[in-house]
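Please look over the sequence and the model shown here before reading on. The notes after it are meant for a reader who has not met this structure before.

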Amino acid sequence: MVKGALNVLFLSPEVVPFAKTGGLADVAGSLPIALKRLGLDVRLVLPFYRIIREGNYEFRSILKNLEVPLGKENLRANVLETQLRPGIPVYFIEREDLYDRPNLYGNPGGDYYDNLERFSFFAHAAFRLTEALSFKPHVVHCHDWQTGLVPALLKGPYGDIPTLSGVASVFTIHNLGYQGLFPEEKFPLTGLPKTDFFHADGLEYWGKFSLLKAGINYSEAITTVSPTYAKEIQTSEYGMSMEGILRRRSAWLHGILNGVDYTCWDPARDSHLSAKYSPEDLVGKARCKASLIKQLNLDPSLAERPLLGMISRLDAQKGLDLLVQILDDVLELDIGLVVLGSGDEQIQEAIQRAADRHPGQVGLSIGFNEPLAHEIMAGVDIFLIPSRYEPCGLTQMYALKYGTVPVVRATGGLDDTINHFDAEAGTGNGFKFSRYESKAFYASIQEAVGLFQNAKLWKKIVANGMRADFSWDRSAQRYLELYRSVMERPALERGKIEGPKPNRIKADR
Ligand code: ADP
């Protein structure tokens, strides 16, 4: 048993409020706060992206010219610090040529060509930082492919350095669809000895190598963000060719549902809203709806009719093809629709064309817009999430809190958090369909729109949703238990990840 605070080094490529492209950032910005409340010493590390440099934060320079290896070279980085909350330091790895770019991972045309360099450097820099600060974590908790090298590096070159020897790693998969695949010739940039790590039980993946696979194979425990997704990814339907290795490690694969940070997502205290409201008094929700209708130039009569909403990456994963197929039929239901998203241009155009055919009925906003996301969450009545797959999904939980009724496909975390409404029993918080088919999606929308006409039942479903509590407390406790269990695995067993054990090499210090 560890005496005193349990130290966690938290490595995520995005963290709210500093940098965000999706739900991972929400999680990485709120789980550490919940862990801190449980008494842990949590410290985060992030690349110093341009969007952070341009943000309104107070940074303290703590290290200059930290030496960090990248392949055969030794490069330098500066380290800045701020606090996520008092007592939760966030360290930023500053290196202009790698991180001072318009976006986090790439341009609309595709990923940055040097993402391996960027995230390999990040992993090595984080480790060098622990040495420079003499910070000895008990657990390194890393997230998604961008940090997948971390568990492998701990089993290789960094396993013997004083701040990291014996440290256990936990790897969380927020989305199996992003696997961090790179060509074999780039392997030296990882800093891992090839003979020990480039094989089918290591990082090798059909002639290339995958950083996601590194995280899966070399971490002490793997988590994903909902119990159902943890099961799904072990099947060929959802496993994206990783199901075999995930099944092999299933004893150490856990599904822990993401929580919600209600200090950001609560209509009773949301500073983005034109009116606040709570389950006891929903007048403010009607005001938010009226203001959204005005802002997006929608038909004012929609104030009395159902307004549907969607906030999403416009990506095949999110089921937008289903929406596009039935868009005209849905708009015939005498409803309005608001979509906020960015991504696939064809999807954008298809929605825009439908908007042109149904003037006053559709509000489409392209781009990433945090304030508008909050206004939509409050201002619409029904929220659509027809995902093809959904590791956890946060927006359905936000919607519930905002008295907005979710219509979701029964997959991953959507299935875990939404219960189909039963009018007779008065139970349930939304509408769910199973088959990935536009007809099934349409039927669920129709059901939701039908219920909207029944004020009494509508009040019931809204109240059920607003009462639900998805705060972090329970899930943070589960992470704490997991940290303890990986630390308590005997050191010998910990080093012995299923599959061959690599030799350790000395760090270049
Ligand atoms: P994913 O991480 O797969 O994108 P999640 O539901 O887990 O999906 O999280 C998405 C997060 O990103 C939510 O906080 C949502 O509000 C936000 N989001 C998605 N698209 C936009 C957008 N265009 N503008 C603002 N916020 C967005």
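The report below takes up the ligand surroundings, then a pocket, and then a single aspartate.

## The ligand and its surroundings

The structure is a predicted model, and in this model 18 residues surround the ligand, the closest being Gly23, Asp26, Arg313, Lys318 and Gly367. Lys318 also appears among the polar pairs, since an N or O atom in its side chain is 2.8 Å from an oxygen atom of the ligand.

Backbone atoms take part as well: a polar backbone atom of Asn369 is 3.0 Å from a nitrogen atom of the ligand, while a backbone N or O atom of Leu394 lies 3.0 Å from an oxygen atom of the ligand.

## The second largest pocket

The second largest pocket holds about 360 Å³ of space and is lined by 15 residues, with Leu282, Lys285, Ala286, Asp381 and Trp458 lying nearest its centre. Two elements, helix 10 (283-295) and helix 17 (455-467), each give two or more residues to this lining, and helix 10 provides the largest share, namely five residues.

Sorted by class, the lining of this pocket is made up of nine nonpolar, four charged and two polar residues.

## Asp114

Asp114 sits in the loop that runs between strand 7 (110-111) and helix 4 (115-133). Its relative accessibility is 5%, and because buried means under 20%, Asp114 counts as buried.

Leaving aside residues up to four places away in sequence, Asp114 touches Leu98, Arg101 and Lys186. With Arg101 there is also a polar contact, in which the two side chains come to 2.6 Å.

Definitions and conventions:
Residues are numbered from 1 along each chain as its sequence is written. This is a predicted model: local features need pLDDT of at least 70, side-chain atom pairs count only at pLDDT 80 or more; totals for chains, interfaces and linings use all residues. Side-chain values use heavy atoms; hydrogens and water are left out. On a 1 Å grid over the protein atoms alone, a cavity is a set of points where a 1.4 Å probe fits but cannot get out, and a pocket is an open set with protein on both sides within 12 Å along at least five of seven lines; lining residues have an atom within 4 Å of a point. Grid points are joined across faces, edges and corners, and a volume is the space filled by probe spheres set on the points. Helices (H or I, at least four residues) and strands (E, at least two) are DSSP runs, numbered from the N terminus. Ala, Val, Leu, Ile, Met, Phe, Trp, Tyr, Cys and Pro count as nonpolar, Asp, Glu, Lys and Arg as charged, and the others, Gly among them, as polar. Buried means under 20% relative accessible area, exposed over 50%, partly exposed in between (1.4 Å probe, protein chains only). A polar contact is a pair of N or O atoms within 3.5 Å; within protein, one must be able to donate a hydrogen and the other to accept it, and residues adjacent in sequence count only if both atoms are side-chain atoms. Contact means heavy atoms within 4.5 Å. A residue is near a molecule or strand if one of its heavy atoms lies within 4 Å of it.
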